[in-house]
Amino acid sequence: MWGFYSRQVQKSSSVLIQLGGAYQNLMVGMRSTNSQLRKRAANMVSLAANVDEVTAQQALELSQGRIREAIVMLKKNIGLQDAERLLALHHNRVRDALED
């Protein structure tokens with residue numbers, strides 16, 4: 001029985017990664033719809049971009065709460081429009097956008 005659930009988790013994790021919803025073991029596709037999730041999003045951006053949480057929160061405000069865009073903005077030192085363009089070009093995959 002546990003084998004079935006394990007396979008399902010592996011499949012869903014694989015799909016999440018392929019769709020660009022995960023980066024460095026973080027769920028960057030998450031929507032921060034309440035204060036708890038906004039704190040979690042700031043922590044994720046801070047970890048992924050190697051910045052302090054205040055800087056991460058500022059990037060999240062500029063990116064309208066979108067984690068992927070905030071990470072790309074900080075890691076590439078670019079603006080929101082350039083981050084959106086890079087992510088669109090790479091099908092919302094943060095890793096691919098950062099390698100560009």
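In this predicted model, helix α4 (residues 67–76) and helix α5 (residues 80–89) cross at roughly 110 degrees, with their axes coming within 9 Å. That angle makes α4 roughly perpendicular to α5, and the crossing is right-handed. On the α4 side, the residues that do the meeting are R68, E69, V72, M73 and K76; their counterparts in α5 are L80, A83, E84, L86 and L87. Sorted by class, this contact is a mix of six nonpolar and four charged residues, with no polar ones.

Stepping back to the whole fold, the protein chain is built from six helices and zero strands, so written out from the N terminus it simply reads α-α-α-α-α-α, by the DSSP runs used here. Of its 100 residues, 35% are buried. As for how the chain folds back on itself, take the contacts with a separation of 6 or more: 31% of them join residues 24 or more positions apart.

What holds the middle of the picture is a set of nonpolar side chains. The largest nonpolar core has 25 residues, and I67, I71, V72 and V94 are the ones that touch the most other members. Two or more residues come from each of α2 (35–49), α3 (53–62), α4, α5 and α6 (94–99). Helix α2 gives the largest share, six residues. In soluble globular proteins, nonpolar side chains tend to be buried together. V72 turns up twice in this account: it is listed among the core residues with the most contacts to other members, and it is also one of the α4 residues that meet α5.

I67 is worth a closer look. This residue lies in helix α4 and counts as buried because its relative accessibility is 1%, where the cut-off for buried is under 20%. Setting aside neighbours within four places in sequence, I67 is in contact with M27, V28, M30, A41, M44, V45 and L60. As for V94, its C-alpha atom is 9.7 Å from that of I67, and the two residues are 27 apart along the chain.

I71 can be read in the same way. With neighbours within four places in sequence again left out, I71 is in contact with Y23, V28, V45, A48 and V94. V28 and V45 therefore appear in the contact lists of both I67 and I71, contact here meaning heavy atoms within 4.5 Å.

Technical notes
Residues numbered from 1 in each chain as written. Predicted model: local features only at pLDDT ≥ 70, side-chain atom pairs only at ≥ 80, totals over all residues. Heavy atoms only, no water. Axes fitted to C-alpha atoms, helices over the stretch in contact; angles between N-to-C directions. Helix = DSSP H or I, 4+ residues; strand = E, 2+ residues; numbered from the N terminus. Parallel < 35°, antiparallel > 145°, perpendicular 65-115°, else oblique. Left-handed = near helix turned anticlockwise from the far one by under 90°. Nonpolar A, V, L, I, M, F, W, Y, C, P; charged D, E, K, R; others polar. Core = buried A, V, L, I, M, F, W, Y, C linked by side-chain atoms within 4.5 Å. Buried < 20%, exposed > 50% of the residue type's maximum accessible area, 1.4 Å probe, protein only.
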